[in-house]
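Colleague: Please give me a close look at one part of this model, the largest cavity. I would like to hear about its lining and where that lining comes from.

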Amino acid sequence: LTELWGLQVAPEQLSSNVSSSETATPSRSGAVPGAGGTRFNKDVLEAWTRVREQRSPIAQDYISPSMKNDDLKKDFGIVHYRSVEREFPREVKLQEWEGQVQEIGSNYFSARLVDLTAGEKEETEEAELPLDDLIESDRALLVPGAVFRWIIGYRYMYGQKERFTRIVIRRLPMWTEQEIRSADQQADELHHALFGDRSSRTATLGSD
Amino acid sequence: MRIPPQISGSSVVALGHFNPLIFRPEWLRDKEIALGSDFEEIKVDIIHPEIVALKLPWGQLQVDRDRFSIAAIQEPSIRVCDFFVKCFQALPETPIKAVGLNLDIHFPVGSDRARDHIGDVLAPKDFWGDFVKTKDGEKAGGVRSLVMEQSIVKDGRRARLDGLFGWIQVKVEPSVGADVPHGVYVSVNDHYDMMSEGRSSDGRWASELVAKRWDDFVKTSEGLVDRIMGLASGA
């Protein structure tokens, strides 16, 4: 263990500089993740496929000089470029809620809301929201019990500043094993609080 | 955050071994990962055995044989978490060796003076003396990029303060080329090293990890960005 400039490093790292994280967003200060477009060099991609298929030294002949040796793994023939026109306007989020759908009417749906901006964890508000705020193709996802995020903010577009509201139905993951274990534990604790432990419960039932 | 970001994005990146061709729009629909408008508005950049790149209405998916990345540039950012978790719940055996949660923000600070103040606080110039000053005492350069890392060494590997292997890096740079006047760029990378005794972990573990950690990641990283924003008001 060595400490350099306040940064603790493992011995094997001393031989080289601390590299930036491979799981960081590839963007730098001038780029935005996911913005812009992607161009593909078909020749490089085909050469890549041949390299994988042949796995022989001859395959090196098919690939561009920039792909040879150490650069091989980095060059997929892909160029990420910034779009001339930004695809997404600047948005400023003012408030965000997580909601659970209760009832669905002909023009509105009702929901219970958790105010995430206020750092709340429990449902403390109820609201009726217009169905028109939902993208038409997402209407089928709106069912009682569905979980959604509701955002209010403003956006800048073509020199104008305007308010917007966005409802996004969450494509919720299945329950994770940890969530199931946690729910089981909570159920056990609740049961214990109401009826005592299993042995005393059995005894109570048996005495009836 | 005390200054509304001009541009913000979030992403989840995984390193491992992937079969890009799995991640076709139809598979995403069949597994209920991209439904409704998410599926209908997918634009295919490329579908190839080496790489798949799809544009979603709110972000971008890119998968090659070694790297999976889902990025959102529109709120709510929870969509990248849901997307990642559902993908790897459907692919629980996928070998994954690292996962990174990322937040990238560009925000304006109002003046070059305020921006320089942030650089001066994070990297004081006294040591550099004449290297970053002209003969007339004018500023001649400054911080171009600064990375601060939270990590300790555990069993010879970098580990986080929460005990898991990995690190948290915060990068601060002047925002250039992103059309943010007097802008500052902050990137937070919450990296989890999932190798154990030379073996990769799997999609099941990665999805559990991201589902469990996402909310705290957003809260912590927005707090870090907000702290840096606070320096702008001290100029």
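**The lining of the largest cavity**

Modeller: Happy to! By class, the lining of the largest cavity has six charged and five nonpolar residues, and no polar ones. (Asp, Glu, Lys and Arg count as charged; Ala, Val, Leu, Ile, Met, Phe, Trp, Tyr, Cys and Pro as nonpolar; the others, Gly among them, as polar.) This is a predicted model, where totals for linings use all residues, while local features need pLDDT of at least 70 and side-chain atom pairs 80 or more. Residues are numbered from 1 along each chain, chains are lettered from A in the order written, and side-chain values use heavy atoms, without hydrogens and water.

The charged lining residues are Arg170(A), Arg171(A), Asp38(B), Arg79(B), Asp82(B) and Lys86(B). The nonpolar ones are Val168(A), Ile169(A), Ile33(B), Trp58(B) and Phe83(B). Each has an atom within 4 Å of a cavity point, a cavity being a set of points on a 1 Å grid over the protein atoms alone where a 1.4 Å probe fits but cannot get out.

Two elements give two or more residues to this lining: strand 9 (160-169) of chain A and helix 3 (78-90) of chain B. Helix 3 of chain B supplies the largest share, four residues; Val168(A) and Ile169(A) fall within strand 9 of chain A. Helices (H or I, at least four residues) and strands (E, at least two) are DSSP runs, numbered from the N terminus.

As for volume, the largest cavity comes to about 80 Å³, counted as the space filled by probe spheres set on the points. A search of the whole structure finds one cavity of 30 Å³ or more.

Technical notes
On a 1 Å grid over the protein atoms alone, a cavity is a set of points where a 1.4 Å probe fits but cannot get out, and a pocket is an open set with protein on both sides within 12 Å along at least five of seven lines; lining residues have an atom within 4 Å of a point.
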